[in-house]
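Here are my notes on the model you sent over. I've kept them as numbered points so you can follow along with the structure open.

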Amino acid sequence: DCFPNCMKKILFDLNSGVNVTHSGRFAIASFLLNIGLDIDEVVEVFRNVPDFDVKKTRYQVEHIAGMRGKKEEYDCPNCETMRDWGLC
């Protein structure tokens with residue numbers, strides 16, 4: 001109930017099997033990681049998307065969490081960025 005409306009909408013779409021944009025997927029993954037969900041919990045959020053691939057999803061979520069690539073943890077986009085991306 002405390003989630004911002006934009007995050008609620010993305011979660012609703014993911015749970016409904018909507019093919020959410022890359023920026024929407026990044027936003028929700030970074031948001032969920034930053035509020036304390038673990039990698040497995042975040043991966044499960046994407047299970048209903050049409051192109052779900054557990055290995056690719058885990059890799060991307062681990063990257064956002066700072067476990068891959070430059071080892072940099074990403075912050076959730078701010079409201080202005082979410083608006084610019086058409087997600088708010």
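1. Let's start with a quick one: does Phe31 count as buried or exposed? Phe31 comes out as buried, since its relative accessibility is 12%, and the cut-off for that label is under 20%. Keep in mind throughout that this is a predicted model.

2. Now the aromatics, of which there are three pairs in the structure. One of them joins Phe3 and Phe31: the ring centres sit 5.1 Å apart with the planes at 80°, so this is an edge-to-face pair. Phe3 belongs to the segment before helix H1 (5-15) while Phe31 is in helix H2, so the contact ties together parts 28 residues apart in sequence. Unlike its buried partner, Phe3 is partly exposed, at 27% relative accessibility.

3. Next is Phe26 with Trp85, also edge-to-face, because the planes are at 70°, with ring centres 6.3 Å apart. Here too the pair links distant parts of the chain: Phe26 is in helix H2 and Trp85 in the segment after helix H5 (79-84), 59 residues apart. Phe26 is buried at 18% relative accessible area, whereas Trp85 is partly exposed at 37%. Tyr74 joins in as well, as ring pairs link Phe26, Tyr74 and Trp85 into a cluster.

4. On to the largest pocket, which has a volume of about 340 Å³. Its lining is made up of 18 residues, and those nearest the centre are His22, Arg25, Lys56, Thr57 and Gln60. Helix H2 (22-34) and helix H4 (54-64) each give at least two lining residues, with the largest share, six residues, coming from H4. Sorted by class, the lining has nine nonpolar, five polar and four charged residues.

5. Two of those central residues deserve a closer look. Thr57 sits in helix H4 and is buried, at 14% relative accessibility. Leaving aside residues up to four places away in sequence, Thr57 touches Val43, Phe46 and Phe52. The other is Arg25, which makes a salt bridge with Asp51, the closest N and O atoms being 3.0 Å apart. Arg25 is in helix H2 and Asp51 in the loop between helix H3 (39-45) and H4, so this bridge ties together parts 26 residues apart in sequence. Arg25 counts as buried at 19%, but Asp51 is partly exposed at 45%.

6. How many salt bridges does a search of the whole structure find? The total is six. Within helix H1, Asp13 and Lys9 are four residues apart, which means about one helical turn separates them. Their side chains meet at 2.8 Å, N to O. Asp13 is the buried partner, with a relative accessible area of 14%, and Lys9 is partly exposed at 46%.

7. Last, have a look at Glu62 and Arg68, whose salt bridge has its closest N and O atoms 2.7 Å apart. Glu62 is buried at 11% relative accessibility, while Arg68 is partly exposed at 34%. This bridge doesn't stand alone: Asp40, Arg58, Glu62 and Arg68 are linked in a network of salt bridges.

Terms used. Residues numbered from 1 in each chain as written. Heavy atoms only, no water. 1 Å grid on protein atoms, 1.4 Å probe; cavity = no way out; pocket = protein on both sides within 12 Å on 5 of 7 lines; lining within 4 Å. Points joined across faces, edges and corners; volume = space filled by probe spheres on them. Nonpolar A, V, L, I, M, F, W, Y, C, P; charged D, E, K, R; others polar. Phe/Tyr/Trp six-rings, centres within 6.5 Å; stacked < 30°, edge-to-face > 60°. Buried < 20%, exposed > 50% of the residue type's maximum accessible area, 1.4 Å probe, protein only. Contact = heavy atoms within 4.5 Å. Salt bridge = Lys/Arg side-chain N within 4 Å of Asp/Glu carboxyl O.
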